[in-house]
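Q: Please take a close look at the largest nonpolar core of this model, and set it in the context of the rest of the chain. Which residues make up that core?

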Amino acid sequence: MERTEIKGRKPYNPKGGRPLKKVKRQSQLMVRLTETERFLIEEKAKDAGMKPSAWFRLAAKKAKVLARLKPDDLKHLRTMTGMANNLNQLTHLAHKEGLTFIRQSCKELLLQIDGILKKLGGDDR
């Protein structure tokens with residue numbers, strides 16, 4: 001079968017009939033959904049003026065999935081939680097004693113926080 005293409009149109013089929021598709025989808029993926037999930041997908045597709053299958057393919061292409069946190073990352077986040085408590089205590093102390101009294105402690109704490117943020121953001125995910 002010979003195919004010829006006209007600019008901006010689907011490939012021409014000389015035997016007549018329906019024009020050939022540029023992309024032939026041959027693979028299927030079965031997905032189990034709850035009724036709620038199915039409803040949400042169908043509603044979002046309807047709002048976008050698309051069929052659910054087309055919306056699902058587009059969503060899969062554009063979705064950004066974040067990796068789970070690694071044990072080291074969790075350890076760093078727990079450390080930062082403790083630092084947030086320290087910062088809160090320093091803020092209360094600054095209101096009592098004045099800002100110049102706790103200046104050095106704040107600088108040290110900010111340097112520690114900066115170091116941990118660099119460790120967390122250092123690896124490319």
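A: What follows goes from the model as a whole to the core, then to single residues, and ends with the largest pocket.

This is a predicted model, in which local features need pLDDT of at least 70 and side-chain atom pairs count only at pLDDT 80 or more, while totals for chains, interfaces and linings use all residues. Residues are numbered from 1 along each chain as its sequence is written, and side-chain values use heavy atoms, with hydrogens and water left out. The mean pLDDT (the predictor's confidence in each residue, from 0 to 100) of the protein chain is 82, and 86% of its residues reach 70 or more. Where pLDDT is low, the predicted coordinates should not be read in detail.

The protein chain has 4 helices and 0 strands, and from the N terminus on its elements run α-α-α-α; helices (H or I, at least four residues) and strands (E, at least two) are DSSP runs, numbered from the N terminus. Among these elements, helix 1 has the highest mean pLDDT (94) and helix 4 the lowest (84). Of the 125 residues of the chain, 14% count as buried, where buried means under 20% relative accessible area, exposed over 50%, and partly exposed in between (1.4 Å probe, protein chains only).

The largest nonpolar core, which is a set of buried Ala, Val, Leu, Ile, Met, Phe, Trp, Tyr and Cys residues joined through side-chain atoms within 4.5 Å, has 10 residues: Met80, Met83, Leu90, Ala94, Ile102, Cys106, Leu109, Ile113, Ile116 and Leu120. Helix 3 (71-97) and helix 4 (103-121) each supply at least two residues of this core, and helix 4 gives the most, with 5 residues. In soluble globular proteins, nonpolar side chains tend to be buried together.

Methionine 83, placed in helix 3, counts as buried because its relative accessibility is 7%. Leaving aside neighbours within four places in sequence, methionine 83 is in contact (heavy atoms within 4.5 Å) with Leu109, Gln112, Ile113 and Ile116. The C-alpha atoms of methionine 83 and isoleucine 113 are separated by 7.5 Å, although these residues are 30 places apart along the chain. With residues up to four places away in sequence again not counted, isoleucine 116 touches His76, Thr79, Met80 and Met83.

Histidine 76 also lies in helix 3 and, at 13% relative accessibility, counts as buried; under the sequence exclusion of up to four places, histidine 76 touches Ile116, Lys119 and Leu120. Arginine 103, by contrast, is found in helix 4 and is exposed, with a relative accessible area of 54%. Arginine 103 and leucine 90 are 13 residues apart in sequence and 9.4 Å apart in space, C-alpha to C-alpha.

As for the largest pocket, its volume is about 570 Å³. On a 1 Å grid over the protein atoms alone, a pocket is an open set of points where a 1.4 Å probe fits, with protein on both sides within 12 Å along at least five of seven lines, and lining residues have an atom within 4 Å of a point. Of the 16 residues that line this pocket, the closest to its centre are Leu29, Val31, Ser53, Phe56 and Arg57. Helix 1 (35-48) and helix 2 (52-62) each supply at least two lining residues, and the largest share, 5 residues, comes from helix 2.

Conventions: Grid points are joined across faces, edges and corners, and a volume is the space filled by probe spheres set on the points.
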